[in-house]
Amino acid sequence: MREKTQRALLTAVLILGAVVMFFPFLWTLSTSFSPGAGLDATPRLIPEEPSFSAYQTLFAELPFARIIANSIGLAVVTALFQLVTSSLAAYAFSRLPFRGRGVVFAIYLATMMIPIQVLIVPLFVQMRDLGLVDTYLGVLLPGVASAFGVFLLRQAMNGVPRELDEAATLDGAGHFRIFGTVVLPLVGPTLATLAVFSFMNSWNGFLWPLIILRSAELKTLPLALAGLQGQYTTQWDVMMAGSVVSILPMLAIYLFAQRYVIQGVASSGIK
């Protein structure tokens, strides 16, 4: 009886937490379908006269299709670069014995404690000297490597039995073949996890694109959404419509990759 009570109480708490977490998204969705809605009144979860006018205004006033394509392209390329660089570095830290490996790895992990705000000025100076200000490459270069990605994949690769490497070596395989045909297939869920995290970080990135980009045609989604907010007045229904559009791709990707994300985090030993 006591266990049933505790389980019912836990279920109720979880349901309440889910409702609280879901409420802002529901309010955002409702506001986007409410023409002329504002934030100075009690939120209505069911619009009185639902309309798609906010979405029509959004795509009419802004080149929103181009903006979405910019964000998707940058996020996909960033994720691919991080998968390549992080997997190669993780294999080296996991499988290649070299002097000072632990120290180098510790220093590499220590970079995760440096906030991006500290690096903005030197990064901008480097991009300016390279002539990459207001270019996609200038946005991409600082994110081609990820200390978190290396750590995540190294933890997963450490769980791959070394006997498989030895068996492949006896068959004449070198490190690149072992890396590509033995280790990578066994850490697939962790690769999917890193891909989702990398895509999400790039998709939501605001500060660095704000600093490096100038042209309106190069804007990403977070920059475009920030531009919808005026100094004195804001069309909140249009603002919320843009927010819904920005949320949907990430929601679809996470729902599709949820099983791999959970499996990848569990296999890498992160708690």
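Here are three short exercises with worked solutions on a predicted model.

**Exercise 1. Fold and dimensions**

Task: Find how many helices and strands the protein has, and give the span of the C-alpha trace along its principal axes.

Solution:
- Count the elements. There are 13 helices and zero strands.
- Read the order from the N terminus. The elements run α-α-α-α-α-α-α-α-α-α-α-α-α.
- Take the span of the C-alpha trace along the principal axes. The result is about 70 × 70 × 30 Å.

**Exercise 2. Burial, surface and charge**

Task: Determine what share of the residues is buried, what share of the accessible surface belongs to carbon and sulfur atoms, and how far apart the centres of the positive and negative side chains lie.

Solution:
- Start with burial. Of the 271 residues, 34% are buried.
- Turn to the surface. The accessible area is about 16300 Å². Carbon and sulfur atoms hold 68% of that area.
- Count the charges. The protein carries 16 positive and 13 negative side chains.
- Compare the two centres. They lie 12 Å apart.

**Exercise 3. The setting of Ser87**

Task: Place Ser87 in its element, decide whether Ser87 is buried or exposed, and list its contacts beyond four places in sequence.

Solution:
- Locate the residue. Ser87 sits in helix H3, which covers residues 64-95.
- Check the relative accessible area. Ser87 has 5%. The cut-off for buried is under 20%, so Ser87 counts as buried.
- List the partners. Leaving out residues up to four places away in sequence, Ser87 touches Gln82, Leu153, Met157, Phe179, Leu184 and Leu191.
- Widen the view to the whole protein. Among contacts between residues at least 6 apart in sequence, 73% join residues at least 24 apart.

Methods: Residues numbered from 1 in each chain as written. Predicted model: local features only at pLDDT ≥ 70, side-chain atom pairs only at ≥ 80, totals over all residues. Heavy atoms only, no water. Helix = DSSP H or I, 4+ residues; strand = E, 2+ residues; numbered from the N terminus. Buried < 20%, exposed > 50% of the residue type's maximum accessible area, 1.4 Å probe, protein only. Contact = heavy atoms within 4.5 Å. Areas by Shrake-Rupley, 256 points an atom, 1.4 Å probe, with all protein chains shown as cover. Lys, Arg positive; Asp, Glu negative; His and termini not counted. Charge placed at Lys NZ, Arg CZ, Asp CG, Glu CD.
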